[in-house]
Amino acid sequence: MSATTASRRAFLGAGGALAGVFALNQAPAAQAASKTTAAPTPYRVITPGSEQYEDLLQGTNLRWKGTAQRIAFPRTAAETAEELRTVLALGLRPSARSGGHCYENFVANGDNQAIIDTSAMDQVRWDPEMKAFEVGAGAQLGLVYQLLYKQWGVYAPAGNCPTVAAGGHIAGGGYGSMNRRDGLVVDHLLAVEAVHVRADGTVAISRGTRDPRDPHHDLWWSYTGGGGGNFGIATRYWLRSPSASGDQPEKALPAPPRHVWLSTVAWDWAGIDEAAFTRLLSNHGRWHETHSAPGTSEATLFAQLKTWHRSNGSITMDTIIDAGTPDATGILERYLAAVADGIPAPKVLQHRLVPWLQATQWSGFTGPDSTRRFKGKSAYLRRSYTPEAIAAAYRGLSDPSISNPTALLMIASYGGAVNDTAPAATAVPQRDSIIKFQVVSIWDNPEDDNANVAWTRTTYKNMFASTGGVPLPNADADGAFINYADVDLNDQAWNTSGQSSFELYYKSNLPRLKRARSTYDPKGVFSHAQSIPLA
Ligand SMILES: Cc1cc2nc3c(=O)[nH]c(=O)nc-3n(C[C@H](O)[C@H](O)[C@H](O)COP(=O)(O)OP(=O)(O)OC[C@H]3O[C@@H](n4cnc5c(N)ncnc54)[C@H](O)[C@@H]3O)c2cc1C
């Protein structure tokens, strides 16, 4: 029996449960006709046989391809609830998808049989009742930045990749190049609306807010960094800074910089031996140790140091600084001088003043190329790199067993305003780190999967060899980032620290997250390789 036939039989078997949802491979004429009648246009459901079906089984990381039988695009929370009821009635396992940028196969895998994709909920508008900006879960960050800035002159300090969507990104505690200036996006999250399944199997739509008296306060808190796919399906977020007062949209979120200085410098690997590499990372770590306090002028500077595999030929560093910061160019020059101190001078590839909105489209910080295959593993650092980490990084980057010019350590500045919030105030507990980095490999051919995955695993494990192969929270490190999901943290071959992935991601916030999952997904309807355990 073909997949198409199987899914059609399952579909027909659901009988009346599907009334009003029908959209299975509708012919264009039928759709056009439905537009002219009073009946509401059904939301789209893509099934095997649809032209785009095969493509929609994949997200950004081309390593993963799912086998879902239904991919639905509801346009409201009510339609999301309707679709979830349908999926459950069909006996299918659902999964939420927004931007499709998951590092691991939490959505695209052989177990998830239905994808509820929020792409059609991509609105960004001022909600006068909530006195906050409503952002649909499907809204991609590039659109969010554009609409917030063009209409109201504000922004939310979220991630750098314009095609990551709010749905999974905010749920995972999204961060980006403005976090040292204005905190994490979740520090500005006022409320979330989510569709979830109660213990009795009924589907509910709940809204949780930052107000601790709200009966759904824990729903809000779970979405401040608990990770996507754990607490039902977020359909809308509302953004408003805790410090905002009044009902003017222009005052509800921070204003971004008007202009930023962008710069890129590059070192020729040929001039970097182990001593110079050690000096480069030590310089970089020391600067962050001394310049990552909240509220300082230096906290408006963010850098991404990319120590590429030696086969690339270069090590590069991209920086961005709010041009409105007093002495912005002086801070940038001193930063570059401090990092390059005692090693060969880098070549300046660019140094330009750019309007902030244009800079949000800059590829300097956007992360793994979203048209390729990749594996990433993350770590928070509370202070500069240990000698063990530097030596292992050097070995990995010089490893001749792979020759991949897009394997690298992607090292991001952290701290600043992020560290002005208490570890339990949101679900993101890492509130005194100064650096967040990833060991990443990016490649194209499936035949190269094993070599690249092995390289990231080994390099990362060696960097944290004395703490079980992972950034065990201690004086130097502080765990890992759920938005850079890494299933190896569950695997004793790669994590012998005695701490689970959950402890590395959530630390002391884990018990509350378990309780929240037991409230908002008590039957474990949404499930993936790193779903938070039920309490
Ligand atoms: C190229 C690239 C650049 C990135 N840059 C950054 C960055 O600058 N900063 C940063 O913090 N992160 C960054 N990330 C990581 C990104 O934030 C996470 O992968 C995030 O989970 C992606 O969300 P998504 O909706 O796009 O992905 P999806 O793959 O759709 O979802 C990811 C996870 O969230 C769940 N989920 C999706 N939608 C919902 C929803 N509406 N409700 C509940 N759960 C949902 C999914 O089931 C899945 O488990 C980047 C990733 C990539 C690939």
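In this predicted model, a backbone N or O atom of Ala-96 lies 2.6 Å from an oxygen atom of the ligand. Two further backbone approaches to ligand oxygen atoms involve a polar backbone atom of Gly-99, at 2.9 Å, and a backbone N or O atom of Cys-102, also placed at 2.9 Å. Taken alone, the ligand would expose 940 Å², and the protein buries 97% of that area. The elements that contribute two or more residues to the surrounding shell are strand S3 (94–97), helix H6 (166–171) and strand S9 (233–239), and of these H6 gives the most, with three residues.

The shell as a whole consists of 36 residues, the closest being Ala-96, Ser-98, Gly-100, Tyr-175 and Ala-234. By residue class, the shell divides into 17 nonpolar residues, 18 polar residues and one charged residue.

**Strand S9 beyond the ligand shell**

Strand S9, one of the elements named for the ligand shell, also carries Thr-235, a residue that is buried with a relative accessible area of 0%. The side chain of Thr-235 makes a polar contact of 2.6 Å with the side chain of Glu-193. A salt bridge also involves this part of the chain, since the side chains of Arg-236 and Glu-134 meet at 3.2 Å, taken from N to O. Arg-236 lies in strand S9 and Glu-134 in strand S6 (residues 132–136), so the pair ties together parts that are 102 residues apart in sequence. Arg-236 and Glu-134 are both buried.

**Salt bridges elsewhere**

The structure holds 29 salt bridges, and three of them, including the pair just described, are set out below.

| Salt bridge | N to O distance |
|---|---|
| Arg-236 and Glu-134 | 3.2 Å |
| Arg-372 and Asp-444 | 2.9 Å |
| Lys-377 and Asp-488 | 2.7 Å |

Side chains of opposite charge can pair when their charged atoms come close. In the case of Arg-372 and Asp-444, the closest N and O atoms are 2.9 Å apart. This pair links distant parts of the chain, with Arg-372 in the loop between helix H11 (356–359) and strand S14 (373–381), and Asp-444 in the loop between strand S16 (435–443) and helix H13 (449–463), 72 residues apart. Arg-372 has a relative accessible area of 17%, which falls under the 20% cut-off, and is therefore buried. Asp-444, at 44% relative accessibility, lies between the 20% and 50% limits and so counts as partly exposed.

The side chains of Lys-377 and Asp-488 form a salt bridge of 2.7 Å, N to O. Because Lys-377 belongs to strand S14 while Asp-488 sits in the loop between H13 and helix H14 (501–506), the pair ties together parts that are 111 residues apart in sequence. Both Lys-377 and Asp-488 are buried. These two residues also belong to a network in which salt bridges that share partners join Glu-104, Lys-375, Lys-377, Arg-457, Asp-486 and Asp-488.

Helix H13 also holds Thr-456, which counts as buried at 0% relative accessibility. The side chain of Thr-456 reaches the backbone oxygen of Val-453 at a distance of 2.8 Å.

**Strand S12 and its partners**

Strand S12 (residues 314–322) has eight of its nine residues buried, so this strand is largely enclosed by the rest of the structure. Strand S12 pairs with strand S10 (residues 259–268), the two running antiparallel and being joined by nine bridges; within this pairing, Ala-266 has Thr-316 of S12 as its bridge partner. Strand S11 (residues 301–308) likewise runs antiparallel to S12, and seven bridges join these two strands, with Thr-307 standing opposite Ile-315 in S12. The hairpin of S11 and S12 has five residues between the strands, and in this hairpin Gly-313 takes a positive phi near 95°. As a general point, the side chains of a regular strand alternate between the two faces of the sheet.

Note on methods:
Residues numbered from 1 in each chain as written. Predicted model: local features only at pLDDT ≥ 70, side-chain atom pairs only at ≥ 80, totals over all residues. Heavy atoms only, no water. Near = heavy atom within 4 Å. Polar contact = N/O pair within 3.5 Å; in protein donor to acceptor, adjacent residues only side chain to side chain. Areas by Shrake-Rupley, 256 points an atom, 1.4 Å probe, with all protein chains shown as cover. Helix = DSSP H or I, 4+ residues; strand = E, 2+ residues; numbered from the N terminus. Nonpolar A, V, L, I, M, F, W, Y, C, P; charged D, E, K, R; others polar. Buried < 20%, exposed > 50% of the residue type's maximum accessible area, 1.4 Å probe, protein only. Pairing = 2+ DSSP bridges. Salt bridge = Lys/Arg side-chain N within 4 Å of Asp/Glu carboxyl O.
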